[in-house]
Amino acid sequence: SMFNHFFLPFPAEFFYFHTMCGRKTLTRDMQSIIEELAVEEWEDPEAYVPSYNIAPTQRSPILLFTGHRTVRLMRWGLIPRWAKDARRAAHLINARVETVLEKPSFRPLIADHRCIVIADGYYEWKREGPSKQPFYFRHPEGKLLLMAGLWDGWTSPEDEVWNTYTIITKPAIRPLAHIHTRMPVILPPEIIDTWLRPGGDPSRDLLPLLNEVRPRLQMYAVSSRVNSPRNNSPECILPLHS
């Protein structure tokens, strides 16, 4: 489609070599997501498809507060509302918690465009000599991973509105840091409302919250099948040495 032609100045494979948190999964059915997150409204439900390999530019479910908990499908890779051209978006798949209040793409969103990126796992690549070994990270009990994010609406010259998002990352906690130096900020369910509802002082209330959370994660090596976004099946998350 014209959208993807616009949107991807790099092949999707580019992202796993150059960024933190460039692939994730959401394999759960819609009803189980609605129940676990007490979702009150799910927009455009027939467009949701579970995925074992979500790559930048693809759409996936994002939790917002619109007066109640709402899920909206959005494209991964933030396009700031002031961007002239969608092509900028390919870079903005992650926002570093250390600089999120300074960057002009993210600073205006902190007050009232916070969101939760719904996942049930993500991939990271560990450099091993010339090659990279993919690892899969998930909740030990298979619960959802609630990633802190920011979103924005961008209007194209043709008056199409594109809702896009970025995932906030922080330095990896010690058990994970030998795989990759960064990790997504994963929030416990009890602080979702604090993050989603507008208000709060970002530097005083919100950013310390993001820095302090220490999620429990299980991780294991998986096959390099995940390297290509074209591969999207349960094999992507199978342990390599089972």
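Which residues of helix α3 (residues 30-37) are buried? In this predicted model, the buried set in α3 is Ser32, Ile33 and Leu37.

## Helix α3 and its ends

Those three buried residues span an arc of only 115° around the axis, so they end up on the same side of α3. One of them, Leu37, turns up again in the core section below.

The two ends of the helix have their own details. At the start of α3, Asp29 points a side-chain oxygen to within 3.2 Å of the backbone nitrogen of Gln31. Just after α3, Ala38 adopts a positive phi of about 50°.

## Nonpolar cores

Now for the packing. The largest nonpolar core holds 60 residues, and the members that touch the most others are Leu37, Leu63, Tyr122, Ile168, Leu187, Trp195 and Leu210. If you're asking which strand gives the most to this core, that's β10 (residues 145-155), with six residues.

Apart from this core lies another one, made of nine residues, including Tyr52, Tyr123, Trp125 and Tyr136.

## Aromatic pairs

How many aromatic pairs does the count come to? The answer is seven. Take Tyr123 and Trp125: their ring centres are 6.4 Å apart and their planes meet at 45°; stacked would need under 30 degrees and edge-to-face over 60, so this pair is tilted.

Both partners are tucked away from solvent. Tyr123 has a relative accessible area of 0% and Trp125 has 3%; the cut-off for buried is under 20%, so each of them qualifies. Tyr123 and Trp125 also join Tyr136 and Tyr220 in one aromatic cluster. Three names from that cluster, Tyr123, Trp125 and Tyr136, are also among the members of the nine-residue core.

## Charges over rings

Two tryptophans come with a charged neighbour. The charged end of Lys24 sits over the Trp76 ring, 4.6 Å from the ring centre. For Trp195, the charged end over the ring belongs to Arg114, at 5.4 Å from the centre. Trp195 is also one of the residues with the most contacts to other members of the largest core.

## A buried loop proline

Pro56 lies in the loop between β3 (51-54) and β4 (59-65). Is this loop residue buried or exposed? Its relative accessibility is 2%, so Pro56 counts as buried.

Pro56 also has a partner from elsewhere in the chain: Pro229 is 173 residues apart from Pro56 in sequence, yet the two are 9.4 Å apart in space, C-alpha to C-alpha.

How values were computed
Residues are numbered from 1 along each chain as its sequence is written. This is a predicted model: local features need pLDDT of at least 70, side-chain atom pairs count only at pLDDT 80 or more; totals for chains, interfaces and linings use all residues. Side-chain values use heavy atoms; hydrogens and water are left out. Rings of Phe, Tyr and Trp (its six-membered ring) pair if their centres lie within 6.5 Å; planes under 30 degrees apart count as stacked, over 60 as edge-to-face and the rest as tilted. Buried means under 20% relative accessible area, exposed over 50%, partly exposed in between (1.4 Å probe, protein chains only). A charge sits over a ring if NZ of Lys or CZ of Arg is within 6 Å of the ring centre and within 35 degrees of the ring normal. Helices (H or I, at least four residues) and strands (E, at least two) are DSSP runs, numbered from the N terminus. The arc is that of the directions from the helix axis to the C-beta atoms. A polar contact is a pair of N or O atoms within 3.5 Å; within protein, one must be able to donate a hydrogen and the other to accept it, and residues adjacent in sequence count only if both atoms are side-chain atoms. A nonpolar core is a set of buried Ala, Val, Leu, Ile, Met, Phe, Trp, Tyr and Cys residues joined through side-chain atoms within 4.5 Å.
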